[in-house]
Amino acid sequence: LQVPLLGAQSGHDDYTHNWLLIAVLISDIGAEMAMMSVWSMIWHFPDFESVVAACSSLTYNGMALFPIILSALMRANGLSLSSVMLGWLALVVLACICCRYTIPT
């Protein structure tokens, strides 16, 4: 998503607007795959099926709040969209590292 966003911000929207549809489709497919892959955690945590079901629902439905939270954060702190997206990237990488060492396999 960074390419069309930075392209629009820097005035090159004519060249980068075609990438927006591709980026949104890839993000949506990734969210669906994440929702399905969360169910594999039942194998590792059989006593917490309801927690796994809640996490599965959160991976897709919880992201509907993401634009609202981002806009409130940007308004409150005066941050740009690209800086907030880079912060989100850092949180995702941190979550991946935590999952790597938390889930036994």
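This passage describes the fold, the helices, the aromatic pair and the cysteines of a predicted model. Residues are numbered from 1 along each chain as its sequence is written, and side-chain values use heavy atoms, with hydrogens and water left out. Because the model is predicted, local features need pLDDT of at least 70 and side-chain atom pairs count only at pLDDT 80 or more, whereas totals for chains, interfaces and linings use all residues.

The chain contains 7 helices and 0 strands, where helices (H or I, at least four residues) and strands (E, at least two) are DSSP runs numbered from the N terminus. The order of elements from the N terminus on is accordingly α-α-α-α-α-α-α. The C-alpha trace spans about 50 × 30 × 25 Å along its principal axes. The radius of gyration of the chain is 17 Å, while a compact globule of 105 residues would have a value near 13 Å; the radius is taken over C-alpha atoms, and the globule rule is 2.2 Å times the number of residues to the power 0.38. Of the 105 residues, 13% are buried, with buried meaning under 20% relative accessible area, exposed over 50%, and partly exposed in between (1.4 Å probe, protein chains only). Among contacts with a separation of 6 or more, 43% join residues 24 or more positions apart, a contact being heavy atoms within 4.5 Å.

Helix α3 (residues 18-38) has 21 residues, which at 1.5 Å a residue should span 30 Å, and the 31 Å between its end C-alpha atoms agrees with this; the expected span is 1.5 Å times one less than the number of residues. Ala23, Ala31 and Val38 are buried in α3. These residues cover an arc of only 75° around the axis, and therefore lie on the same side of α3, the arc being that of the directions from the helix axis to the C-beta atoms. On the face of α3 turned away from the buried side are the exposed residues Asn18, Leu21, Ile26, Ile29, Met33 and Met36.

Towards the C terminus, the 12 residues of α6 reach 16 Å from the first C-alpha to the last, close to the 16 Å expected at 1.5 Å a residue. Gly78, whose phi is positive and near 70°, follows α6. In α7, the 22 residues should span 32 Å at 1.5 Å a residue, in agreement with the 31 Å between the end C-alpha atoms. The buried residues of α7 are Ser82, Val84 and Met85, and because their arc around the axis is only 155°, they fall on the same side of α7. The exposed residues Leu91, Tyr101 and Thr102 are carried by the face of α7 turned away from its buried side.

A search of the whole structure finds 1 aromatic pair, for which rings of Phe, Tyr and Trp (its six-membered ring) must have centres within 6.5 Å, with planes under 30 degrees apart counted as stacked, over 60 as edge-to-face and the rest as tilted. The pair is formed by Phe66 and Trp88 and is tilted, at 4.5 Å centre to centre and 50° between the planes. Phe66 lies in α6 (residues 66-77) and Trp88 in α7 (residues 81-102), so the pair ties together parts that are 22 residues apart in sequence. Phe66 is buried, at 18% relative accessible area, whereas Trp88 is partly exposed at 32%.

The same kind of search finds 0 disulfides, a disulfide being a pair of cysteine sulfur atoms within 2.5 Å. Cys96 is in no disulfide, and the nearest cysteine sulfur, that of Cys99, is 6.7 Å away, which is too far for a bond. Cys96 and Cys99 are each partly exposed, with relative accessible areas of 49% and 42%, respectively.
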